[in-house]
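Please open the model in your viewer and keep the selection panel at hand. The stops below go from a helix contact outward to the whole pair of chains, and then into a single chain.

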Protein chains: 2
Amino acid sequence: MQEIKRIGIIGSGNVATNLAIKFANTGIEFAQIFTRNQKSLNAAITRCRPKVIKDIALFDRNLHLIIIAAPDDSIEKISKVIPNEIPVVHTSGSVAIASIANRSNYGSFYPLQTLTIDNDNKNIPIPILIEASNTAFESELIKLAETISSQVSVFSSENRKKLHLAAVVVNNFTNHLYSEAEQYCIESGISFDLLKPLLKETARKVQTQSAGSIQTGPAKRKDMNIIEGHLNMLSENKDLRDLYQLISAQISKKSIR
Amino acid sequence: MQEIKRIGIIGSGNVATNLAIKFANTGIEFAQIFTRNQKSLNAAITRCRPKVIKDIALFDRNLHLIIIAAPDDSIEKISKVIPNEIPVVHTSGSVAIASIANRSNYGSFYPLQTLTIDNDNKNIPIPILIEASNTAFESELIKLAETISSQVSVFSSENRKKLHLAAVVVNNFTNHLYSEAEQYCIESGISFDLLKPLLKETARKVQTQSAGSIQTGPAKRKDMNIIEGHLNMLSENKDLRDLYQLISAQISKKSIR
């Protein structure tokens with residue numbers, strides 16, 4: 001099995017761009033790219049000078065790997081038009097690798113991080129989950145992943161799906177709570193900025209402690225005065241009230257005080 | 001109005017201990033402490049060498065301030081036995097200062113942070129919200145707060161209560177999501193550690209961007225395949241399923257895609 005040194009990417013969104021940023025200066029050559037949005041190619045990608053191709057069938061047969069960084073529902077379709085000689089991975093948390101099994105070397109290369117393009121996140125750690133159709137390809141994918149990440153794991157499609165579910169909870173759902181709190185602050189004429197150190201510290205604490213063991217607050221204490229006071233304050237704010245009621249009930253139930 | 005240089009504290013929990021840590025080396029003398037749990041005094045407090053007193057009536061009448069860092073439902077009672085000459089503040093997010101109005105100088109000194117005692121959090125920023133019975137006392141409280149915090153604001157009891165509600169959301173509720181995700185990972189035999197960079201980055205992003213504007217994920221995309229798949233995976237996990245359903249519905253509703 002060929003060591004992976006020359007790759008192609010399909011897609012030009014946040015995942016493709018962040019991979020390009022990470023692979024730059026690792027010795028991995030980002031040789032070709034296919035994207036529908038040629039005009040929107042991020043500078044981080046163009047700096048790598050990949051050849052932009054206009055048809056997936058035009059990918060160089062000698063590429064060591066093509067990474068499909070495209071929406072979930074297009075991955076299977078895309079894989080069908082990629083020349084069969086070229087090993088392929090996708091970057092999705094949810095799509096089983098069985099859906100791109102039309103070649104000998106296929107797998108997944110899932111970056112478990114919220115990837116946008118800004119100047120402050122260049123050094124954030126990106127755990128990468130690997131899955132491969134055979135152990136030789138798996139080894140090469142691990143080596144490739146280790147050039148850009150110190151947290152590389154092998155995960156089955158089923159377990160990757162579970163981790164993706166948990167990722168939705170700690171990323172999208174947490175962000176929704178931030179958003180609801182921000183909205184409430186705006187409506188109340190108070191500054192959400194004051195809460196930023198608190199939410200950052202909340203995320204820092206669970207880096208070393210179990211979240212379940214460090215819970216605090218009115219629901220944990222079953223302080224019904226405060227809980228009912230807060231629910232009354234939210235009488236005009238149905239969404240936040242629903243969240244408050246459900247989550248407080250769950251926290252109280254789990255509290256053994 | 002006397003500049004606040006010599007203080008007493010009531011309580012020996014996380015708030016009292018963290019204030020002691022912060023006031024050390026600021027020139028503020030932590031002269032006396034009253035606590036029911038004398039044996040549990042944290043080393044950070046004993047290092048400040050406050051005189052431990054056994055009766056609230058024994059507080060030195062010449063103290064410039066007593067900080068009540070005690071549970072919400074005991075604050076009013078405690079304030080009634082503090083000698084009237086001594087200015088008093090409490091550290092609660094929810095208690096109106098009207099409940100300790102039995103003297104000329106009273107107020108609140110609310111540290112808006114999740115305070116535990118560990119070695120890594122000595123430098124975390126602690127916004128402090130001030131409220132006072134009169135402007136002279138307010139000025140002195142602001143000066144005091146500024147010795148330990150660069151984010152000092154004046155907040156009415158009513159607005160402090162609102163900010164406390166929002167703090168419950170971004171701290172306790174977020175921590176509950178972390179806890180549910182952790183529990184799900186444990187039950188699934190997958191490592192929660194892999195999600196720690198992600199949840200940290202989620203909190204980092206909203207330091208500079210509005211949470212509502214950067215939402216992503218299946219609910220935002222209204223990707224019903226993934227949402228229904230996840231709900232099926234949670235059929236045995238009622239609490240997380242309820243959270244998933246409610247929060248996804250709220251995110252989808254707000255998405256204008």
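Select Leu243(A), Ile247(A), Gln250(A) and Ile251(A) in H9(A), then add Asn172(B), Phe173(B) and His176(B) in H5(B), which they meet; residues count as in contact here if their C-beta atoms, placed from the backbone, lie within 7 Å. Helices (H or I, at least four residues) and strands (E, at least two) are DSSP runs, numbered from the N terminus. The residues of this contact divide into four nonpolar, three polar and no charged, where Ala, Val, Leu, Ile, Met, Phe, Trp, Tyr, Cys and Pro count as nonpolar, Asp, Glu, Lys and Arg as charged, and the others, Gly among them, as polar.

This is a predicted model, in which local features need pLDDT of at least 70 and side-chain atom pairs count only at pLDDT 80 or more, while totals for chains, interfaces and linings use all residues. Residues are numbered from 1 along each chain as its sequence is written, and chains are lettered from A and ligands numbered from 1 in the order in which they are written.

Now show the whole of H9(A), residues 238–254, with H5(B): their axes come within 10 Å and cross at roughly 60°, the axes being lines fitted to C-alpha atoms, for helices over the stretch in contact, and angles running from 0 to 180 degrees between N-to-C directions.

Next, widen the selection to the full contact, which takes 70 residues from chain B and 69 residues from chain A. On the side of chain B that touches chain A, helices H5, H6, H7, H8 and H9 of chain B each supply at least two residues, and H5(B) gives the most, with 25 residues. That side of chain B divides into 35 nonpolar, 25 polar and ten charged residues.

How is chain B laid on chain A? A turn of 180° with a shift of 0.0 Å along the axis does so, with an RMSD of 0.0 Å, after least-squares superposition on the C-alpha atoms of residues with pLDDT of at least 70 in both copies. The two copies are therefore related as by a two-fold rotation axis. To find that axis, select Thr174(B), whose C-alpha comes closest to it of the residues of chain B, at 2.8 Å.

Finally, hide chain A and colour the strands of chain B, where eight strands form an open, mixed sheet in the order E3-E2-E1-E4-E5-E6-E7-E8; strands pair if DSSP finds at least two bridges between them. E3 and E8 of chain B stand at the edges with a single partner strand each, so one side of each is left without a neighbour in the sheet.

Conventions:
Two residues are in contact if their C-beta atoms, placed from the backbone, lie within 7 Å.
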